[in-house]
Amino acid sequence: MDEPPRLPEGGFAAWSRDRLALARRGADECGDVWQLEPGVYVAATAGPCEAVLRRPQDFLKAPSPLFPPLKRSSGAPTPEQRAHAHAARMRGLRAQAVAARIGEIALGAARCADQWPTGQDVEILPPVRHALAEIGVRYLFSEDAPTLLPFASQLFLAREVLVRPTRWVWPHWVPTPARRFRTRQQVAFTDALRPIVRRRRSSGRLGDDVLGQMLRPSSRYGPLPEEAVLDTLPGITVATFETPTRAAGWVLLHLARYPQAADRVAAEAAALLPADPAATTSAHLDSLRYTQAVVREVLRLHPPSWLLTRRATRQTQLADYTVDAGSTVLVCLYTAHRDAREHSEPDRFQPERWLDDPGPSAEPGIFLPFGTGPHACEGAALAMAMLTLLTAQTARCCHLSEPPGPEPTYQVATFEGLATVGLRLRATSRS
């Protein structure tokens with residue numbers, strides 16, 4: 001989860017008036033990299049964006065400030081413990097682990113689709129967020145998910161309060177009301193999780209979920225200390241459903257706007273997915289080629305994390321600029337994905353482009369919604385599975401349409417990521 005960009009006030013005022021239009025105009029007029037103001041650069045096309053993300057020694061990703069380790073007498077986790085925690089999380093989040101649990105994800109997606117109210121205009125992001133939270137929290141904690149889901153919802157609320165744009169950027173040590181609220185929710189989540197960790201360890205039944213993977217001793221480091229386990233999970237818990245919810249809003253909006261594509265997704269889901277969602281396997285997921293193409297195309301056009309922040313660790317070259325140490329580099333995935341050198345008709349919604357190409361991994365740099373390099377999104381495989389199955393099950397169950405009217409029923413939020421705030425859609429049953 002990247003930190004929202006923090007720019008000096010002069011630049012931020014201009015940037016915030018219309019960040020997307022400014023980014024696109026800068027890419028069109030200024031080229032691959034352009035300088036927003038002294039000490040602030042924007043990487044705007046695929047090549048420089050990928051170069052920044054793949055050079056962490058030159059362009060550092062700052063630790064997320066959203067859920068820092070709680071202050072304790074034992075101190076913050078050591079670098080070795082952080083490396084161990086990352087490796088343990090990845091055992092539970094890698095593609096093979098996600099593939100083994102596709103049935104659980106499909107069942108949650110089907111429940112969400114089945115529960116759509118029909119014949120009325122509904123604001124879709126809240127129910128979608130709830131459904132994806134249930135899927136994500138269950139993926140992390142299995143049978144303990146019902147206990148932790150209410151606390152996860154409060155963590156999400158704390159995140160929303162914390163990233164809300166404000167006039168002033170306070171030093172990290174100032175206990176603002178938002179930060180105090182965040183700490184209270186983080187403590188509450190940790191207090192609920194602690195007895196679960198202790199029960200699993202004392203019983204020896206660690207589980208096969210992400211928490212279970214984190215409780216397994218490493219041959220190199222041994223078992224993770226309890227506090228290291230507890231400190232790493234609030235952020236990843238929120239991330240399993242917060243970013244996918246933003247992406248899902250755009251996907252569902254495109255199903256409403258492009259009924260022919262929605263019909264094709266529905267036909268593919270009806271033909272390839274089993275009647276019992278719990279029986280869905282990774283083979284079924286892989287067979288949803290057009291549905292995956294729709295999801296990829298929406299992520300290309302509207303990457304939910306459209307602007308990533310990096311800090312130059314030393315003086316280095318980026319395109320035609322010499323970037324001084326300490327400078328901020330903003331990696332604009334929105335403009336990188338709309339680079340005409342990488343995609344024909346880059347502003348056009350055309351899922352078929354992903355059916356002709358061998359896949360995003362074959363041409364690095366043209367598809368970066370989850371980043372790339374050492375700091376790529378840990379949950380990319382889980383997010384793609386959730387979005388693909390939610391798209392397939394929703395189109396299989398119902399037609400979506402936008403309410404009539406001259407104006408869209410949503411606003412585009414850009415500060416914390418591209419989101420369709422207030423999006424309202426109407427569902428009608430396909431049966």
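The exercises below concern the nonpolar cores and two helix pairs of a predicted model.

**Exercise 1.** Describe the largest nonpolar core, and state which helix gives the largest share of this core.

Solution. Begin with the extent of the core, which has 107 residues, and note that Ile105, Phe141, Leu193, Leu211, Leu233 and Leu389 are those with the most contacts inside it. Next, assign the core to elements: its largest share, 15 residues, comes from helix α11, which spans residues 226-257. A second core, separate from this one, has 16 residues, including Val33, Phe59, Leu318 and Val331.

**Exercise 2.** Determine how helix α7 packs against α11, and which residues meet.

Solution. First take the geometry: α7 (residues 125-141) and α11 pack at an angle of about 140°, and their axes are 8 Å apart. Because angles over 145 degrees count as roughly antiparallel and those from 65 to 115 as roughly perpendicular, α7 is therefore oblique to α11. The crossing of α7 past α11 is right-handed. Then turn to the contact itself, where residues of α7, among them Leu132, Val137 and Phe141, meet residues of α11 that include Leu233, Phe241 and Leu252. Sorted by class, this contact of α7 with α11 has 13 nonpolar, 5 polar and 1 charged residues.

**Exercise 3.** Carry out the analysis for α14 and α17.

Solution. Helix α14 (residues 289-301) and helix α17 (residues 380-397) cross at roughly 115°, with axes that come within 9 Å, and their crossing is right-handed. On the α14 side Thr291, Gln292, Val295, Arg296 and Leu299 take part, meeting Met384, Leu387, Thr388, Thr391 and Ala392 in α17. By class, the residues of this contact of α14 with α17 are 5 nonpolar, 4 polar and 1 charged.

Definitions and conventions: Residues are numbered from 1 along each chain as its sequence is written. This is a predicted model: local features need pLDDT of at least 70, side-chain atom pairs count only at pLDDT 80 or more; totals for chains, interfaces and linings use all residues. Side-chain values use heavy atoms; hydrogens and water are left out. A nonpolar core is a set of buried Ala, Val, Leu, Ile, Met, Phe, Trp, Tyr and Cys residues joined through side-chain atoms within 4.5 Å. Buried means under 20% relative accessible area, exposed over 50%, partly exposed in between (1.4 Å probe, protein chains only). Helices (H or I, at least four residues) and strands (E, at least two) are DSSP runs, numbered from the N terminus. Axes are lines fitted to C-alpha atoms, for helices over the stretch in contact, and angles run from 0 to 180 degrees between N-to-C directions. Angles under 35 degrees count as roughly parallel, over 145 as roughly antiparallel, 65 to 115 as roughly perpendicular and the rest as oblique. A crossing is left-handed if the near helix is turned anticlockwise from the far one by less than a right angle, and right-handed if clockwise. Contact means heavy atoms within 4.5 Å. Ala, Val, Leu, Ile, Met, Phe, Trp, Tyr, Cys and Pro count as nonpolar, Asp, Glu, Lys and Arg as charged, and the others, Gly among them, as polar.
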